[in-house]
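Visitor: Could you take me through one part of this model closely, namely the sheet and the helices that pack on it? I would like a connected account rather than a list.

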Amino acid sequence: MAEGNNTFGLIGGGWRAEFFLRIARDLPERFPLTGMVVRNATKREHLAARWGVPVFATAEELLAATKPAFVITSVEWESNLPLLELFADRDVPVLSETPIAPTLADLHAAFALVQKGAKIQVAEQYPFRPQHAAGLRIVESGRLGNIHAATVSMAHGYHGISLLRRYLTVDMELPRISARKFISPLIAGPGREGPPQERILRDSQRVIAELDYGSKLGIYDFTDEQYFSWIQSPHLLVRGEQGEINQKSVRYLRDFQTPVYFKMQRRDKGHDGDLDGYSHRAIIGDGEVLYENPFPGMRWSDEEIAIATSLSKMGDYANGGDSFYSVAQACQDRYLDILLREAAETGQTLEAKPQPWMSANAAPSFTP
């Protein structure tokens with residue numbers, strides 16, 4: 001971990017911003033929040049009273065009053081690029097929420113900022129969730145051999161593509177993308193506001209896409225209601241030449257005559273006679289610790305653990321540490337997402353084209 005000033009400012013006060021607020025509240029020494037920016041005056045007063053942090057009307061006021069080591073932009077995607085440009089002009093590192101930009105032209109503009117020296121990383125949290133971090137470690141260990149196929153039904157759009165590329169172990173290769181969408185009735189489940197208050201039957205859209213890399217095939221599969229649904233579960237299948245991950249089950253060949261089977265097992269505190277209180281500890285399998293929670297003792301969801309991991313890595317990056325999810329990677333995932341959506345709408349098979357961020361120097365490793 002890089003040493004230095006880890007203070008941060010937060011731009012935005014919406015649902016996603018509250019994850020960062022909870023993390024800063026729970027670990028103030030590790031994640032010192034200097035203040036936040038919210039345009040709406042009534043909301044500023046409410047957030048200041050609720051969270052006990054300074055709330056400013058503009059980014060300029062935040063920078064003048066607190067001078068954070070970096071800022072987080074957690075705003076609507078149409079508003080993100082102007083903020084990135086503002087902070088680039090002031091030489092302030094940024095952790096940008098996803099997606100970094102909505103259109104291909106805006107993606108080019110965001111990457112141009114990096115080429116001019118802006119320090120920007122993107123808060124793609126899914127690879128830092130405990131289960132994915134453990135699965136990706138298995139892939140990287142070589143147990144499965146060369147990966148040739150992956151099916152990811154875990155997250156929408158650029159989030160799902162980010163996971164798919166990592167499990168497939170592809171970087172800036174250019175796939176052919178075909179996709180279809182299907183509409184079917186589904187009883188609505190919980191949302192961001194909590195459990196449903198009445199029975200609602202609504203049309204739900206499912207998108208299934210193929211990302212054909214020639215020697216590797218990625219299957220993207222996501223349904224609108226899937227994130228919070230009680231009845232539509234996520235699923236994962238990763239296949240290599242000598243093994244596979246199927247959900248939490250792993251099988252591989254130690255040699256061509258010796259199959260090995262195991263399950264990734266979650267270990268949490270607070271069960272049975274453990275009176276220390278609930279917290280996630282680790283994921284184990286095949287006789288080793290595949291993932292260990294870097295925030296032991298915190299009563300956080302997997303999503304909060306992942307976001308806190310991204311926040312911690314950003315503190316290191318702002319103080320001279322390594323890139324962990326670069327603008328180049330974020331642009332590639334969003335670009336492929338744009339193509340996937342177009343393919344689903346038109347029924348055409350689309351070929352990804354070279355983009356400015358695809359040079360070898362622009363795309364550092366994205367190992368979790």
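Guide: In this predicted model, helix 6 (residues 130-141) lies across strand 7 (147-153), strand 11 (235-240), strand 12 (243-246), strand 13 (249-255) and strand 14, and its direction makes about 175 degrees with that of strand 12. Helix 9 (residues 327-346) also packs on the sheet, where it touches strand 8 (176-187), strand 9, strand 10 and strand 18, running at about 70 degrees to strand 8.

The sheet that carries these helices is open and built from nine strands in the order 14-13-12-11-7-10-9-8-18, with mixed pairing. Its edges are strand 14 (258-263) and strand 18 (350-351), and because each of these has a single partner strand, one side of each is left without a neighbour in the sheet.

Within that order, strand 7 sits between strand 11 and strand 10, and the two pairings show the mixed character of the sheet. Towards strand 11 the pairing is antiparallel, with six bridges, and here Ser153 stands opposite His235 of strand 11. Towards strand 10 the pairing is parallel, with four bridges, and Thr151 has Ile219 of strand 10 as its bridge partner. Six of the seven residues of strand 7 are buried, so this strand is largely enclosed by the rest of the structure.

Strand 10 (residues 217-223) in turn pairs with strand 9 (residues 201-212), in the antiparallel sense and over seven bridges; in this pairing, Leu217 of strand 10 is the bridge partner of Asp212.

Outside this sheet, helix 4 (residues 77-89) offers another packing arrangement to examine, since its buried residues are Asn80, Leu81, Leu83, Leu84, Leu86 and Phe87. These buried residues pack against strand 1 (8-11), helix 3 (59-66), strand 4 (70-73), strand 5 (94-96), helix 5 (104-115) and strand 6 (120-122). Just after helix 4 comes Asp91, in the loop that leads to strand 5; Asp91 has a positive phi of about 60 degrees although it is not a glycine, and with a relative accessible area of 64% Asp91 is exposed. Lys67, in the loop between helix 3 and strand 4, likewise has a positive phi, near 50 degrees, and at 60% relative accessibility Lys67 counts as exposed. A backbone feature of another kind is found in the loop between strand 5 and helix 5, where Pro99 lies: the peptide bond from Thr98 to Pro99 is cis, with omega near -15 degrees. Such details deserve a remark because most residues other than glycine have a negative phi, and most peptide bonds are trans.

Conventions:
Residues numbered from 1 in each chain as written. Predicted model: local features only at pLDDT ≥ 70, side-chain atom pairs only at ≥ 80, totals over all residues. Heavy atoms only, no water. Pairing = 2+ DSSP bridges. Contact = heavy atoms within 4.5 Å. Axes fitted to C-alpha atoms, helices over the stretch in contact; angles between N-to-C directions. Buried < 20%, exposed > 50% of the residue type's maximum accessible area, 1.4 Å probe, protein only.
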